[in-house]
Amino acid sequence: MFDKGVDLDLRKEPHPRAQSQRIEAERMSAIGRMACSISHDMRHSLTAIYANAEFLERRDIGASVRAGLLLEIQEAVLAMTERLDSLLQFGCSGRINPLVRERVSSVVERAVAAVKFHPDGQNVSITVGKLPPAEAVIDARNLESAIYNLLLNACQAAIRSTHAPEMRVQLTEVDERIYVTILDNGPGIPASIRKALFEPFVTAGKPNGTGLGLTLARRIAEEHGGSVWLEESNQEWTVFTLSLSKNR
């Protein structure tokens, strides 16, 4: 058959091992680029923390100034922690957390509670719709991280709105699939980056963003048999949806 019936050159077929090595090399290259970027950002954060700590030693500053310096230190530490978490999660291959059958509504509630403590979420009006008791077999920790990233992105967009910052969260269940929809009233996603929005290191106007939040959210959703996509984006509302399968 190979001699007469089929003209096939097996040398052109990608070897599974070679393809795996290429993907791993690309991933490590991306990790290296991000590590350089994070080390540059962290140097600035550490400099700010050191300077503020020196100011705190002074006895001639008032309580309000001291509180402001402490807040700046806390925000710098939080930003550094988020960058390191993104790097670790992006560099991690394979699942390390156990799979559990859990209500997705509980994961959404934990993610919402966490984002409310973030400085960018404290002044945003967050409305959570009715949460159906849909259950799924999930990596609860990773799924919460994915939803948290989407919520934080929405809050950071909403605070750039010309109106009162607002975000809405909805959870729906359709047959064997669950959808988490997140809306914000920010300025919208620039058309120039929409096609590359889920690629690593692409960010929409956030000065301290790593450009990995959406990349990680989509990867985690795909590990749960779903995906993340941009439903719509205009000057009134931007809508992202995360989907997952109840039983992978």
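# Exercises on a predicted model

Of the 40 residues in the largest nonpolar core, I147, L151, M167 and L242 touch the most other members. A nonpolar core is a set of buried Ala, Val, Leu, Ile, Met, Phe, Trp, Tyr and Cys residues joined through side-chain atoms within 4.5 Å; buried means under 20% relative accessible area, exposed over 50%, and partly exposed in between (1.4 Å probe, protein chains only). The model is predicted: local features need pLDDT of at least 70, side-chain atom pairs count only at pLDDT 80 or more, and totals for chains, interfaces and linings use all residues. Residues are numbered from 1 along each chain as its sequence is written, and side-chain values use heavy atoms, with hydrogens and water left out.

**Exercise 1. Determine which elements supply the largest nonpolar core.**

Solution.
- Step 1. Helices (H or I, at least four residues) and strands (E, at least two) are DSSP runs, numbered from the N terminus.
- Step 2. At least two core residues come from each of α3 (104-117), β3 (135-138), α4 (140-158), β4, β5, α5 (213-223) and β7 (238-245).
- Step 3. The largest share, 11 residues, is supplied by α4.
- Step 4. Apart from its neighbours within four places in sequence, L151 is in contact (heavy atoms within 4.5 Å) with A111, V112, V115, M167, V169 and I182.
- Step 5. A second, separate core has eight residues, among them M42, L56, A76 and M80.
- Step 6. As background, nonpolar side chains tend to be buried together in soluble globular proteins.

**Exercise 2. Establish the order of the strands in the sheet, and state which strands stand at the edges.**

Solution.
- Step 1. Two strands pair if DSSP finds at least two bridges between them.
- Step 2. β2 (residues 125-128) and β4 (residues 166-174) pair in the parallel sense over four bridges; here T127 stands opposite R168.
- Step 3. β4 and β5 (residues 177-184) run antiparallel and are joined by eight bridges. In this pair Q170 stands opposite T181, and V174 opposite R177.
- Step 4. The two strands β4 and β5 form a hairpin with two residues between them, and D175 in the turn has a positive phi of about 55°.
- Step 5. The open sheet of five strands has the order β2-β4-β5-β7-β6, with mixed pairing.
- Step 6. β2 and β6 (227-233) are the edge strands; each has a single partner strand, so one side of each is left without a neighbour in the sheet.

**Exercise 3. Describe how α4 meets α5.**

Solution.
- Step 1. The axes of the two helices, α4 and α5, come within 9 Å and cross at roughly 145°. Axes are lines fitted to C-alpha atoms, for helices over the stretch in contact, and angles run from 0 to 180 degrees between N-to-C directions.
- Step 2. From α4, the residues N142, L143, A146, N149, L150 and N153 meet G213, L214, L216, A217, I220 and E223 of α5.
- Step 3. The residues of this contact divide into seven nonpolar, four polar and one charged. Ala, Val, Leu, Ile, Met, Phe, Trp, Tyr, Cys and Pro count as nonpolar, Asp, Glu, Lys and Arg as charged, and the others, Gly among them, as polar.
- Step 4. Buried residues of α5 include L214, L216, A217 and I220.

**Exercise 4. Is G121 buried or exposed?**

Solution.
- Step 1. G121 is found in the loop between α3 and β2.
- Step 2. With a relative accessible area of 3%, G121 is buried.
- Step 3. Neighbours within four places in sequence left aside, G121 is in contact with V115, K116, I126 and C155.
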